[in-house]
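Biologist: Please take me through this model, from its overall build to the pairing of its strands. I should like each answer to close on the value or name that I ask for.

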Amino acid sequence: MADTMELRDIEVWDGNMAAAQALRQVQVDVVAAYPITPSTPIVEGYATYKANGYVDGEFVMVESEHAAMSGCIGAAAAGGRVATATSSQGFALMVETLYSASGMRLPIILNVVNRAIGAPLNVNGDHSDMYMGRDSGWIQLDAYNPQHAYDLNFIAFKVAEDHDVRLPAMVHQDGFMTSHTAQGVHTLTDEAAYGFVGEFQPMNDMLDLDHPVTHGVQTEEDWHFEHKARQQHALMTAVIPKIEAAFAEFEKLSGRKYNLVETHQMEDAEMAVICMGTSVETAMEVVDELRAQGIKAGVVGIRVFRPWPLEQLAEVLKNVKAIGTLDRSSPHGTVGMLYNEIAGTLFNCDTKAVLNNYIYGLGGRDLTKAHVVGIFNDLKANVDAGKLTTPLQQYIGLRGPKLSFF
Amino acid sequence: MLEIRWHSRAGQGAVTGAKGLADVVSTTGKHVQAFAFYGSAKRGAAMTAYNRVDDKVIMNHEKFMAPDYVLVIDPALVYVADFTAFEKPDTVYIITTHLTTEELIASQPKLEGKKVHTVDCIKISQETIGKAIPNTPMLGALMKVSGMYEMDFFKENMIRVLKKLPQKIIDANMIAIQRAYDEVK
């Protein structure tokens, strides 16, 4: 029996510590991990808690991230509660096995501490790795601060392990800006945290010798399509209601309310920025300052990135006249992902907002409040003109001559 | 909003100092943020760490900061780092040096007309902790200059923050904090 850890009501934790504590509190059975900056302290933290008797589990040291996720897949198929963490190049090396995990319907939790992908080599935060995962069949939840990184881990386990879902889930946080930034985190007791997620309920576990099953089978054109369709069906229909139920139950437990789409000052906003990660909160602070000057600005934050909350986004954006989509990842050859997704979300609606795109913050480049004010100045001009007054895609915070496309 | 920027060399404990300060401040019900620029993370490389303190939840995640306090814990950085970047007219500087405040300002004219305090955190940490780890003494100096907290309250909380260290190291840190509090000019 693992020892209980006494926590203060508010601990000053960075995002990595918050995630590691959550893995301890839900008593993860197996962590197979290969450390990489900036996610290293998450798996290091779990290993320390295990060594000191605070977790009953296994820590498997492996030779690569590909092996780390492979180990997680094996442990999850065997019938355990499984988690790991990674970033950047490590995430890229995991990609093949990510598809195995989701296709085999194994509820593994992966903490992704978002970081740029080289070349050039860079350890700092952007969303390149998060974007790379978006077709992999995983649920993707996004934290904006250490508190969210803690709370969303509990949500992730509860939803992923639900027998109606049985899909793996990623909890994303911004490298350094969240992972290495200490802020006050309201804690749950060990008992309350474990009680919320509940005891792991195995399904089709390989170690149930009375009911032998096969995992990781081959299907050709006879059945592959049907398997992928079932996987998509679960991701598209089962997940959103389960996340909403988990958010509601978590609010009862903690008083903290999460939404599929987070909004700030959107009730009467005539223009909005849409972004992810720490930028959402910085933009919220800017919006409060603009509101004091009578400017009707708002913020939309993506909390659940996959499955994409299309209907919820269409609803919150229905009255705005200009939208700025902010992508912290280089789209290399087209517009940013959020531009494409929001354009697709709104195309069949009555909303005919002017939509533009900003690429920012690559490799950890700072997004300042002044940058966000500049974006809202663009959006205001678009509102007043009723059409695009700027290039469709602009780079902000970039040194040298202004760069834009389309 | 109170904002503090630390100038340090990697390995001197600025991150630990910033996080320790955030921890102590958090116990008083204020909201805190502590973070750093790591750069290439080589020991000895110049780096910066940051604190924000506010009465309301801190939503701002920009790295840009116009600091109220600048804490320099390596004596050479006042000559090589841009430690006055984005200063305000009333930014307060607390600088680790073996020089007097007057000698320091004479050697670094950028400090003329500024609010400058000096304390030798390197010497204090060498004589108390036994190593050049100038982070905790700098916090003692900050408590004196800012009047942020009573010394007894601060030390009591720092003992909790440092609780994983051996007792004699904790005791040495408390002496270092008190000495810097008493010696800062």
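Modeller: Let me begin with a definition: two strands pair if DSSP finds at least two bridges between them. The model under discussion is a predicted one.

Biologist: In β4(B), which residue is the bridge partner of Arg5(B)?

Modeller: Strand β1 (residues 2-9) of chain B and strand β4 (residues 69-72) of chain B are joined by four bridges, and at least two are needed for strands to pair. The two strands run in the parallel sense. Within β4(B), the residue bridged to Arg5(B) is Val70(B).

Biologist: In what order do the strands stand in the open sheet of eight strands?

Modeller: This sheet is open and its pairing is mixed. Its edge strands, each paired on one side only, are β1 (10-13) of chain A and β6 (115-119) of chain B. Neighbouring strands are turned against each other by 20 degrees on average, direction ignored. The order is β1(A)-β8(A)-β2(B)-β3(B)-β1(B)-β4(B)-β5(B)-β6(B).

Biologist: Which residue of β2(B) stands opposite Gln183(A)?

Modeller: Strand β8 (residues 182-186) of chain A and β2(B) are joined by two bridges. These two strands run antiparallel. Opposite Gln183(A), in β2(B), stands Gln33(B).

Biologist: Which element gives the most residues to the side of chain B that touches chain A?

Modeller: The contact involves 17 residues of chain B and 17 residues of chain A. On the chain B side, α1 (14-26) and β2 (31-37) each supply at least two residues. That side divides into eight nonpolar, five polar and four charged residues. With six residues, the element that gives the most is β2(B).

Biologist: How many helices and strands does the secondary structure of chain B come to?

Modeller: From the N terminus on, the elements follow the pattern β-α-β-β-β-α-β-α-β-α-α-α-α. The radius of gyration of chain B is 15 Å, close to the 16 Å of the globule rule for 185 residues, so chain B is as compact as a globular protein of that length. Its C-alpha trace spans about 40 × 40 × 35 Å along the principal axes. The secondary structure of chain B comes to seven helices and six strands.

Biologist: What share of the residues in chain A is buried?

Modeller: The secondary structure of chain A comprises twelve helices and 16 strands. Its radius of gyration is 21 Å, close to the 22 Å that the globule rule gives for 406 residues, so chain A is as compact as a globular protein of that length. A residue counts as buried if 20 or more other C-beta atoms lie within 10 Å of its own. Of the 406 residues in chain A, the buried share is 53%.

Biologist: What distance separates the centres of domain 1 of chain A and domain 2 of chain A?

Modeller: The domain assignment divides chain A into domain 1 (10-254) and domain 2 (261-405). Taken over C-alpha atoms, the distance between their centres is 28 Å.

Biologist: Which element gives the most to the side of domain 1 of chain A that touches domain 2 of chain A?

Modeller: The contact takes 26 residues from domain 1 of chain A and 20 residues from domain 2 of chain A. On the domain 1 side, α5 (128-132), β6 (139-142) and α8 (224-254) of chain A each supply at least two residues. The residues of that side divide into 13 nonpolar, nine polar and four charged. With five residues, the element that gives the most is α8(A).

Biologist: Which strands stand at the edges of the open sheet of seven strands in chain A?

Modeller: The order in this sheet is β9-β11-β10-β13-β14-β15-β16, with mixed pairing. Each edge strand has a single partner strand, so one side of each is left without a neighbour in the sheet. The edge strands are β9 (261-264) and β16 (404-405) of chain A.

Biologist: Which residue of β14(A) stands opposite Ala322(A)?

Modeller: Strand β13 (residues 322-327) and strand β14 (residues 354-360) of chain A run parallel and are joined by six bridges. Opposite Ala322(A), in β14(A), stands Val354(A).

Biologist: What angle does the direction of helix α11 of chain A make with that of β13(A)?

Modeller: Helix α9 (residues 278-292) of chain A lies across β9, β10 (271-275), β11 (297-302) and β13 of chain A, at about 165 degrees to β11(A). Helix α11 (residues 337-346) of chain A packs on the sheet and touches β10, β13 and β14 of chain A. The angle between the directions of α11(A) and β13(A) is about 140 degrees.

Methods: Residues are numbered from 1 along each chain as its sequence is written. Chains are lettered from A and ligands numbered from 1 in the order in which they are written. This is a predicted model: local features need pLDDT of at least 70, side-chain atom pairs count only at pLDDT 80 or more; totals for chains, interfaces and linings use all residues. Domain bounds come from an automatic or database domain assignment. Two residues are in contact if their C-beta atoms, placed from the backbone, lie within 7 Å. Ala, Val, Leu, Ile, Met, Phe, Trp, Tyr, Cys and Pro count as nonpolar, Asp, Glu, Lys and Arg as charged, and the others, Gly among them, as polar. The radius of gyration is taken over C-alpha atoms; the globule rule is 2.2 Å times the number of residues to the power 0.38. A residue is buried if 20 or more other C-beta atoms lie within 10 Å of its own, exposed if 12 or fewer, and partly exposed in between; C-beta atoms are placed from the backbone. Axes are lines fitted to C-alpha atoms, for helices over the stretch in contact, and angles run from 0 to 180 degrees between N-to-C directions.
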